[in-house]
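Visitor: Please take me through one part of this model in close detail. I would like the ligand site and what it connects to.

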Amino acid sequence: MIQVKDLTFSYTGKPFIQNMNFNVEKGEIFGFLGPSGAGKSTLQKILLGMLPGYEGSATVGGAECKKHNSDFYQSIGVDFEYSTMYEKLSARENLGFFSSLYKRKVRNIDDLLASVGLENDADKRVSDYSKGMKSRLNFIKALIHDPELLFLDEPTSGLDPTNSRLMKDMVLEEKKRGKTILLTTHNMQDATELCDRVAFIVGGQIYALDTPHNLIMSKGAAKITYSWIDGSEQTATCELDAVSGDEKLRQLIAENRLQSIHSSEPTLNDIFIEITGRTLV
Ligand SMILES: Nc1ncnc2c1ncn2[C@@H]1O[C@H](COP(=O)(O)OP(=O)(O)O)[C@@H](O)[C@H]1O
Ligand SMILES: [Mg+2]
């Protein structure tokens, strides 16, 4: 669906996106995970044809991104990081207007509004919407024409946990319907839950690209932490696949002196820090 080869891009003369290579397959949720300023939105804009001054090659559906025509924009849906609604119009009027721009069959506006819990606010002006309401409205705007390919820029950013869950379920629902989804996030939880594959991005470069599971398993095995009382509480850690060789643990088990024991896997966040040397914030 998307092929990027030796992609380089600069805003200022100094290369920012450097020599990037990746493919996105049809039907997958592909994530760009990285901290603020990493280049995630820049990459999406290149793929959208908004930044044509790149070198190398980037194609979507076989067409070079700097040459996208109006047919291309009929087939994709974009949820930008910022609101792209007319503030003086109501939600329903906005969706009605944007629907009219598409040649394709459009989805039912009331159903879309209800799907994100905005059915009772449909006739309010967007200027009276909260940030979270605008995010949800922006998201369904991307779905109006039922596009094959969705670009979502930080879709859960600024949402409360309930709305964030709702948004993630809707993204997964679009995947079930066969859509291809490219999303950016700095939230490792979102990346772990949603993405089939994730690219770690920092400073315009890809540091790793794999399934969240493989990335987590690639470094640092799951660990066991256990504690016991020896005067005061003591703790020790060992790797899960090496427990049988841990003498202290064996002794504590034999003497029934274990105070607590738990296992923990590294998170995508731990792996991100280990691979890129950067935190996600
Ligand atoms: N139009 C622009 N002109 C110059 N620099 C820009 C422009 N847009 C973004 N940048 C810079 O490019 C870098 C990456 O931005 P962006 O792609 O928005 O990162 P992310 O989405 O990962 O937070 C930032 O340092 C930002 O300041
Ligand atoms: Mg961004």
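Guide: What follows starts at the ligand and works outward through the contacts of the chain. The model is predicted.

Ligand 1 is surrounded by Tyr 11, Phe 16, Pro 35, Ser 36, Gly 37, Ala 38, Gly 39, Lys 40, Ser 41 and Thr 42. By class, that shell holds 4 nonpolar, 5 polar and 1 charged residues. Backbone atoms come into play here. A polar backbone atom of Gly 37 sits 2.7 Å from an oxygen atom of ligand 1. For Gly 39, the distance from a polar backbone atom to a ligand oxygen is 2.9 Å. For Ala 38, it is 3.1 Å. On its own, ligand 1 has 570 Å² of accessible area, and the protein covers 56% of it.

The shell runs on into helix 1. Lys 40, Ser 41 and Thr 42 are among the residues around the ligand, and helix 1 spans residues 40-47. In this helix, 7 of the 8 residues are buried, so the rest of the structure largely encloses it. The buried ones are Lys 40, Ser 41, Thr 42, Leu 43, Gln 44, Ile 46 and Leu 47. Just after the helix, Gly 49 takes a positive phi of about 85°.

Lys 40 deserves a closer look. Its relative accessible area is 6%; the cut-off for buried is under 20%, so Lys 40 counts as buried. Its side chain meets that of Glu 154 in a salt bridge, at 3.8 Å from N to O. This pair links distant parts of the chain, 114 residues apart: Lys 40 belongs to helix 1, while Glu 154 is in the loop between strand 7 and helix 6 (161-176). Glu 154 is also buried, with a relative accessible area of 11%.

That bridge is one of 20 salt bridges in the whole structure. Two others can be followed in the same way.

Glu 148 pairs with Arg 104, with their closest N and O atoms 3.3 Å apart. Glu 148 is in the loop between helix 5 and strand 7, and Arg 104 is in the loop between helix 3 and helix 4 (109-115), so the bridge ties together parts 44 residues apart in sequence. Glu 148 is partly exposed, at 35% relative accessible area. Arg 104 is partly exposed too, at 28%.

Glu 174 forms a salt bridge with Arg 107, again with closest N and O atoms 3.3 Å apart. Glu 174 lies in helix 6 and Arg 107 in the loop between helix 3 and helix 4, so this pair joins parts 67 residues apart in sequence. Glu 174 is buried, with a relative accessible area of 3%. Arg 107 counts as partly exposed, at 24% relative accessibility.

Arg 107 and Glu 174 also belong to a network of salt bridges with Asp 146, Arg 177 and Lys 179. Asp 146 has a backbone feature to check. Its phi is positive, about 50°, although it is not a glycine. Asp 146 sits in the loop between helix 5 (131-143) and strand 7 (149-153). Asp 6 is another non-glycine residue with a positive phi, about 45°. Asp 6 is in strand 1 (residues 2-9), and is partly exposed at 43% relative accessible area.

Last, the surface. Tyr 86, Phe 97 and Leu 101 form a nonpolar patch there, with about 290 Å² of accessible area together. Tyr 86 lies in the loop between strand 6 (76-79) and helix 3 (91-100). At 44% relative accessibility, Tyr 86 is partly exposed.

Terms used
Residues numbered from 1 in each chain as written. Chains lettered and ligands numbered in written order. Predicted model: local features only at pLDDT ≥ 70, side-chain atom pairs only at ≥ 80, totals over all residues. Heavy atoms only, no water. Patch = residues over 30% accessible without salt bridge, like charges linked within 9 Å, V, L, I, M, F, W, Y side chains within 5 Å. Areas by Shrake-Rupley, 256 points an atom, 1.4 Å probe, with all protein chains shown as cover. Salt bridge = Lys/Arg side-chain N within 4 Å of Asp/Glu carboxyl O. Helix = DSSP H or I, 4+ residues; strand = E, 2+ residues; numbered from the N terminus. Buried < 20%, exposed > 50% of the residue type's maximum accessible area, 1.4 Å probe, protein only. Near = heavy atom within 4 Å. Polar contact = N/O pair within 3.5 Å; in protein donor to acceptor, adjacent residues only side chain to side chain. Nonpolar A, V, L, I, M, F, W, Y, C, P; charged D, E, K, R; others polar.
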